[in-house]
Amino acid sequence: MQRSDTSPAYQQLLAQLCSHLLALPKPAVVGISGAQGCGKSTLARLLTEQLTALDLTTATVSLDDYYLSKALRQQLAEQVHPLLAQRGVPGTHAIDRAIADANKVLAAKPVQLPCFDKALDEPVADRPLQQLQLLIVEGWCLGLSPQSAHELEQPQNSLEANADPTGQWRHFINQQLAGAYQQYWQLLRPLIWLQAPDWESVCRWRAKQEQQLWQQRGEGMNKEQLEHFMLSFERLTRASWQQLPQRAEIQIPLNTRQQPQ
């Protein structure tokens, strides 16, 4: 939605969401879920700007900001499965800290939010301590539930078939998702879902993001690295289209041009 954030439809969506969030009992923690590249961070940023202008102390944090360091992910890779060296899936976040931060906001206590640098692939310095009335959390897998044993049996793609033939990696992800992540989801009310039309659009949008990273930082993933990276997100992204229509309180379908329907 990066290119449509000035369209009449998008401005109307922003106005409706701002009105809804202003009416929530405060303090509150709100979730924005959606596949990679669908505009979660843009929506969170614009909502934060507009609500702040309306004198509501608001901040946004990404689930990505809670990624573990390379060193901690390497420990998981050695102890559980080599694929866990790559950030992304449930089990590669400091989810207990995410829960603690959300609970601080809900208890009207100051919070120091984390920050993760994707170009460096490492956490960087926390943001200053702040007292919030509203925290907006955005993340690619917010609201998702664990899959059944039957759903985990068959590989989703070539990555799972070749690098996870026994299913150890995907079962670990599923166990993580069934645990503390579910506790975190319960704190995110309401959950807003940006519904991408299909997996092909998601991959195309994420490639645009990587191009922007290259332009801004002069570093990032090449085409082959990005294609490999996206395979680890495919299973749960596809699951979102089955699960989130029942779980998300606010659903925003997007067309192939990232525009809200």
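**Exercises on helix H1 and the sheet it packs against**

In this predicted model, helix H1 covers residues 8-22, has 15 residues and reaches 21 Å from its first C-alpha to its last, which is close to the 21 Å expected at 1.5 Å a residue.

**Exercise 1.** Find the buried residues of H1, and work out why they line one face of the helix.

*Solution.* Begin with the residues that have under 20% relative accessible area, the cut-off for buried; in H1 these are Tyr10, Leu13, Leu14, Leu17, Cys18 and Leu21. Next, look down the axis of H1, where the buried residues fall within an arc of 130 degrees, so they line one face of the helix. This fits a general rule: an α-helix has 3.6 residues a turn, so residues three or four places apart point the same way. Finally, ask what covers these buried residues: the cover includes helix H2 (40-53) together with strands E1 (28-34), E5 (134-139), E6 (191-195) and E7 (250-253).

**Exercise 2.** Establish the order of the five strands in the open sheet, and then describe how helices H1 and H4 are placed on it.

*Solution.* The strands pair in parallel, in the order E2-E5-E1-E6-E7. Strand E2 (58-62) and E7 each have a single partner strand and stand at the edges, so one side of each is left without a neighbour in the sheet. From one strand to the next the twist averages 20 degrees. Between E2 and E5, which run parallel, there are five bridges, and Ala59 stands opposite Leu135 in E5. H1 packs on the sheet by touching E1, E5, E6 and E7, and its direction makes about 170 degrees with that of E7. Helix H4 (residues 95-106) also packs on the sheet, touching E1 and E5, with its direction at about 140 degrees to that of E1.

Terms used: Residues are numbered from 1 along each chain as its sequence is written. This is a predicted model: local features need pLDDT of at least 70, side-chain atom pairs count only at pLDDT 80 or more; totals for chains, interfaces and linings use all residues. Side-chain values use heavy atoms; hydrogens and water are left out. Helices (H or I, at least four residues) and strands (E, at least two) are DSSP runs, numbered from the N terminus. The expected span of a helix is 1.5 Å times one less than its number of residues. Buried means under 20% relative accessible area, exposed over 50%, partly exposed in between (1.4 Å probe, protein chains only). The arc is that of the directions from the helix axis to the C-beta atoms. Contact means heavy atoms within 4.5 Å. Two strands pair if DSSP finds at least two bridges between them. Axes are lines fitted to C-alpha atoms, for helices over the stretch in contact, and angles run from 0 to 180 degrees between N-to-C directions.
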